[in-house]
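Please walk through this structure with the coordinates open beside the text. Begin with one strand pairing, then widen the view step by step.

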Amino acid sequence: MIFKIARKELTEIVREGRFRITAITLFALLLAALFVSKSYYTSVNAQHSEAKKNVRSEWMEQGQKNPHSAAHYGTYAFKPKYPLSLIDNGVDKYTGVSIYLEAHKRNEAQYAAAQDQTALSRFGDLTPDFVLIFIVPLFIILIGFNAFTRERESGTLRLLKSQGVSTWKLTMGKWLGLFLPVLFIAIPVYVLAALFLANIKDYGQFSLWALTLLFGVYLIYYAVFINITLFVSSLFKKSNVAFVTLLGIWMVSCLAMPKISTAIADKLYPYPTQVEFEEQIAVDKKKGLDGHNPWNTEAKKLEEETLKKYGVDSVQQLPFNWDGFLMQEGEKHTADIYFKHYQLLKDTYVNQTNVYRSTAALSPFLPTRFLSMAICRTDYTSHWDFANAAENYRIELVGKMNGDMAANSKYGDWDYLADDKLWSSVPDFQYEPASYTTVIRQNTSNLITLLAWLLLSFAALYGAVTKMKTI
Amino acid sequence: MLEAKQLSKTYQGKEALKPTSFTVNKGDIFCLLGANGAGKTTTINLFLNFIQPSRGQALIGEKDVVKEPIETKKLLTYIPENLMLYPNLSGLENLEYFSGLANKKYPKEEFLKFLAEAGLQADAHDKRISTYSKGMRQKVGIALALAKDAQVLLLDEPTSGLDPKASNEFSELLTKLSKKGVATLMATHDLFRAKETGTHIGMMREGNLVEQLTTDQINHTDLEKLYLKHMN
């Protein structure tokens, strides 16, 4: 019975010109978005592996050098481009792709794609996630807003009811009649994305499982929108009123709510500006140990303590190079300062995230957006994870350089040179992103909110149609 | 087959139907006559359970339509003044769909036979409803009754707006169904058709069933006189 109703709904929808035009447009948009993303992804990935190779060979072939100079000379950590960013590019456009790693200083990721683009990029990009999260719900509204109102307006609802069909079965049939067209569009995209990703060389992180999970999330999101569409259509007598109401709901949940929750999060937990942030770090640095300035008060204190510990009178008598040791102590100190301040930033980030999670109850768009970015590893959490790994690598690298200098040279001997042996003892920067188990654990609340939306919207739909009057 | 027991409906203090009782037996065609707003459509909507009675009961096959809304609908076919079908589906597809909702399954040839039996010309079966005239749509309604093997027909001014030939054809179909034992309750303005086709007549005025008679008791002229007497 339900399938019979769904089939009739589909036949009707397909025979109407409205559906054909929108479905073809939507499909073309998705395909175009997928192709654009694919070529972008491939070129970025090629650049990435090329740059990575170059940076490593520069490091290995830097010749003979003082280790601390080598630490100053530094190297780069490149953020891997994840295969699923093909679907959802998330915040990647704004976060930068590489971090310069050098002594004494923690740098931000640089070279965000948005920097290279013209003002046009402000109008958004044609990416699959844009179509999937903004346009598909609109498509659902467009084909479903009159699911009930049309029957009511034309009088077929009376005939339907007089045939003794239960309203819930009728509703489920109509539900399927909306879900199937969405599936017809989504499945080819899913298959195509899987083929693209499987054919990209060096796809490393790609798992079909993650892509399936991503599509599952979107399908739940669409189910919620189908429920809302049918719910509204069953409430009103006139199709145009239902349509305008649904458009309003779409605008609020997809356009207004994200902006509002961002505004609330920013108001409650503002981020410091770049200038403020750097100033706070500079203040803390000044108060502490300066590895390059032995006359600094903190440095003097450390010198006294160290001399006492080793029972000698001067730094020249120490069993290691005092300069190297001092610089490493300074390094540790600045690393602590960076850690402290970045931790503060992260706290703000966590607080903001919690605000988003609580406002997610007000719009199904929000949990879907966050889940999508998290699964594609293009959210801020993924970026933080990478930046932290790069910082740890930096600390390790600089520590090794200073340590080598302290152990293998004499105080005041700035002519000491290290060579390939030292450089190759530093492993290449390898970054493993968080496992999917972790990603899902971090996003449990989003998943729960989305499922709650699904259940509650079904319940609301059930309540509305069972109480629906025939005349 | 159809029974109204002290059936009444009140809308916001206004009595659309005052307590009314009547019975329609198998093979009967009970015609409800009366001005607009007399309560004819209200009575039919009560039998369809589209509205619920304020008092009394409407029974179909001895079952209360409020208590058993789905069961009682299995027995009936409803044809309103303007039978609205899905304009983008063909006559055959509409028939298949609505019969399917009533859990009736037949091979395609059977459905075509029902359409033919209802008098719909063969070349229209596969055309979309949007190309149908009103008379053709009402015939699909009759085919629906045939496919459903309905024991009760609820008709709300089914012939108004039909040309005399179409109207005549429709009446003949009703007579055919009544011979099969179908009980029909029909609201109409057509005194002539009521006398010709109907077996029983009920006259309504301001929510009251003021007169009940059988059509063989009365001739055309007297029927009209009686009607006008009640309406004035």
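Strand β2 of chain A, residues 98-102, is joined to β3(A) by four bridges, and the two run antiparallel. Keep in mind that this is a predicted model. Within this pairing, find E102(A): the residue opposite is K105(A), in β3(A). Two residues lie between the strands of this hairpin. One residue to inspect here is H104(A), which takes a positive phi near 70°.

Now turn to the other partner of β2(A). Four bridges also join β1(A) to β2(A), again in an antiparallel run. Here A77(A) stands opposite I99(A) of β2(A). In general, strands of a sheet pair through backbone hydrogen bonds, in a parallel or an antiparallel way.

Put the two pairings together. The result is an open sheet of three strands in chain A, ordered β1-β2-β3, with antiparallel pairing. Which strands stand at the edges? They are β1 (75-78) and β3 (105-110) of chain A. Each has a single partner strand, so one side of each is left without a neighbour in the sheet. From one strand to the next, the twist averages 25°.

Next, look at what lies over the sheet. Helix α16 of chain A, residues 380-408, lies across β1, β2 and β3 of chain A. The helix runs at about 20° to β2(A). Then compare the two faces of β2(A). Which of its residues are on the covered face, and which on the uncovered one? I99(A) and L101(A) make up the covered face. S98(A), Y100(A) and E102(A) make up the uncovered face. Two of these names have come up already. I99(A), on the covered face, is the residue opposite A77(A). E102(A), on the uncovered face, is the residue opposite K105(A).

Now leave the sheet and go to the chain-chain interface. In chain A, 20 residues are in contact with 21 residues of chain B. Which elements of chain A give two or more residues to this side? They are α1 (2-15) and α8 (156-162). The largest share comes from α8(A), with six residues. By class, the side of chain A that touches chain B holds nine polar, seven charged and four nonpolar residues.

Finish with the confidence scores. For the complex, the predictor gives an ipTM of 0.90 and a pTM of 0.88. Chain B has an average pLDDT of 91, and 100% of its residues score at least 70. As a general caution, predicted coordinates should not be read in detail where pLDDT is low.

Conventions. Residues are numbered from 1 along each chain as its sequence is written. Chains are lettered from A and ligands numbered from 1 in the order in which they are written. This is a predicted model: local features need pLDDT of at least 70, side-chain atom pairs count only at pLDDT 80 or more; totals for chains, interfaces and linings use all residues. Two residues are in contact if their C-beta atoms, placed from the backbone, lie within 7 Å. Ala, Val, Leu, Ile, Met, Phe, Trp, Tyr, Cys and Pro count as nonpolar, Asp, Glu, Lys and Arg as charged, and the others, Gly among them, as polar. Two strands pair if DSSP finds at least two bridges between them. Axes are lines fitted to C-alpha atoms, for helices over the stretch in contact, and angles run from 0 to 180 degrees between N-to-C directions. pLDDT is the predictor's confidence in each residue, from 0 to 100. A residue is buried if 20 or more other C-beta atoms lie within 10 Å of its own, exposed if 12 or fewer, and partly exposed in between; C-beta atoms are placed from the backbone.
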